[in-house]
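Dear colleague,

Please find below the structure I said I would pass on, together with its sequence. My notes on it follow directly after.

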Amino acid sequence: MKTRIAILTVLLGLFVTATAFANTPVPASKAVSNSVAKYITNELEYPEFGIVQKQEGVVVVSVTIQDDGTFLVDASNGFNEDMKKHVVESIHAMQSDYHSQFAGQQVLLKIKFDLKLV
């Protein structure tokens, strides 16, 4: 009886561990990270309200590449809430068929908004 309980406990532990790590995104390689960063920064435009109000700043986002080539923003951080909202909405609207082959990989991006670059 003790053996059966021990076996069931081990199997339950394996099942819980496997399901917990099954949904964990894999960090992207440096080449994929650079490719995604280049794609997103080229597609992302400086928001009009930022130019008018002379707002600058940095937004850091964690992005997971989806099967259909879209990007899911897992987390974002920045001092300016309007800039952060603009970045998240813009990234959600993007789609890259090329990057769909890297589905499930996670990329960390630092997006800098500087009026000198506009």
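In which sense do S2 and S4 pair, and over how many bridges? The pairing is antiparallel, and eight bridges connect S2 with S4. Please bear in mind throughout that this is a predicted model.

Within this pairing, Val-60 has Lys-110 of S4 opposite it. S2 is also joined to S3, again in the antiparallel sense, through seven bridges. Here Val-63 faces Val-73 of S3. The link between S2 and S3 is a hairpin with five residues between the strands; Gly-69, in the turn, has a positive phi of about 90 degrees.

The nonpolar core

The largest nonpolar core comprises 21 residues. Val-61, Val-87, Ile-91, Ile-111 and Phe-113 are the members with the most contacts inside the core. Two or more residues each come from helix H2 (30-43), strand S2 (57-65), strand S3 (71-78), helix H4 (81-93) and strand S4 (105-113). Beyond its neighbours within four places in sequence, Val-61 is in contact with nine residues that I list in full: Val-73, Ala-75, Ser-76, Val-87, Ile-91, Val-107, Leu-108, Leu-109 and Ile-111.

The surface patch

Val-60 is located in strand S2. Val-60 counts as partly exposed because its relative accessibility is 33%, a value between the limits of 20% and 50%. Together with Val-58 and Leu-108, Val-60 forms a nonpolar patch on the surface, and the accessible area of these three residues together is about 240 Å².

The loop between H4 and S4

Ser-96 is found in the loop that lies between H4 and S4. Is Ser-96 buried or exposed? Ser-96 is buried, because its relative accessible area is 5% and the limit for buried is under 20%. Leaving out residues up to four places away in sequence, Ser-96 touches Tyr-39, Phe-71 and Gly-69, the last of which is the residue with positive phi in the turn of the S2 and S3 hairpin.

The salt bridge

The count of salt bridges comes to one. The side chains that meet in a salt bridge are those of Glu-81 and Lys-84, with an N to O distance of 3.3 Å. Both residues belong to helix H4, where Glu-81 and Lys-84 are three residues apart, about one turn of the helix. Lys-84 counts as buried, since its relative accessibility is 16%.

With kind regards

Note on methods: Residues numbered from 1 in each chain as written. Predicted model: local features only at pLDDT ≥ 70, side-chain atom pairs only at ≥ 80, totals over all residues. Heavy atoms only, no water. Core = buried A, V, L, I, M, F, W, Y, C linked by side-chain atoms within 4.5 Å. Buried < 20%, exposed > 50% of the residue type's maximum accessible area, 1.4 Å probe, protein only. Helix = DSSP H or I, 4+ residues; strand = E, 2+ residues; numbered from the N terminus. Contact = heavy atoms within 4.5 Å. Pairing = 2+ DSSP bridges. Patch = residues over 30% accessible without salt bridge, like charges linked within 9 Å, V, L, I, M, F, W, Y side chains within 5 Å. Areas by Shrake-Rupley, 256 points an atom, 1.4 Å probe, with all protein chains shown as cover. Salt bridge = Lys/Arg side-chain N within 4 Å of Asp/Glu carboxyl O.
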